[in-house]
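Me: I'd like to learn how to read packing and polar contacts in a model. Could you walk me through one?

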Amino acid sequence: MDATRIIELASYTLPSLITGVVAYHFFNLHTKDEAGRRRFLLHREAQKTALPLRLQAYERMTLFLERISLNQLLIRIAPISTEKSDYEQLIIAHIEQEFEHNLTQQVYMSDECWSIILTAKNATIQMIRMAAKKESIENANQMRELILNDLLEKQSPSNAALAFIKQEVSDLW
């Protein structure tokens with residue numbers, strides 16, 4: 001083949017290749033934009049159904065934290081005997097039962113929020129156990145008084161968790 005024939009072939013082939021690359025590029029951009037648009041629409045649709053579920057989970061965990069707040073718990077649950085160990089076990093059993101009832105709500109919450117709720121639950125149980133271990137406490141009523149007096153000096157663990165939940169819910173908007 002002579003040089004003119006090669007130049008002539010290249011002059012037809014090169015514009016075709018350039019046109020093909022440009023068409024591929026635009027087609028690829030269009031496909032990505034469509035995928036992004038579909039993903040946005042799906043996300044928006046999922047938000048419509050997920051947001052009420054998330055808010056319900058936050059409501060349930062708020063109720064849980066209110067129910068295990070020592071102020072509420074000690075007033076709501078009266079001792080069944082004078083033994084402080086029986087009362088300790090009764091209160092802890094109520095807390096654990098409430099927690100197990102709401103365990104599935106963690107699916108709708110951030111890991112940080114769930115961790116704070118767990119910490120509040122465990123700190124509440126720890127306060128009960130510490131009060132029951134004191135040797136100066138002889139019966140369940142004295143244990144109740146000691147815990148309630150301690151709460152006058154310091155904040156209930158539930159209050160910190162409630163504040164975090166309120167902040168997280170306000171961030172949803």
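Reply: Happily! A polar contact is a pair of N or O atoms within 3.5 Å; within protein, one must be able to donate a hydrogen and the other to accept it, and residues adjacent in sequence count only if both atoms are side-chain atoms. This is a predicted model, where local features need pLDDT of at least 70, side-chain atom pairs count only at pLDDT 80 or more, and totals for chains, interfaces and linings use all residues. Residues are numbered from 1 along each chain as its sequence is written, and side-chain values use heavy atoms, leaving out hydrogens and water.

Me: Which side chain does the side chain of glutamine 105 make a polar contact with?

Reply: That of threonine 104, at 3.5 Å. Glutamine 105 sits in the loop between α3 and α4 (helices are DSSP runs of H or I, at least four residues, numbered from the N terminus).

Me: Is glutamine 105 buried or exposed?

Reply: Buried means under 20% relative accessible area, exposed over 50%, partly exposed in between (1.4 Å probe, protein chains only). Glutamine 105 is buried, because its relative accessible area is 6%. Beyond its neighbours within four places in sequence, glutamine 105 is in contact (heavy atoms within 4.5 Å) with Ala57, Arg60, Met61 and Trp114.

Me: And how do I read a helix such as α5?

Reply: An α-helix has 3.6 residues a turn, so residues three or four places apart point the same way. In α5, the buried residues include Met143, Ile147 and Leu151. The buried residues of α5 pack against α2, α3 and α4, while on the other side Glu145, Leu152 and Glu153 are exposed.

Methods
Helix = DSSP H or I, 4+ residues; strand = E, 2+ residues; numbered from the N terminus.
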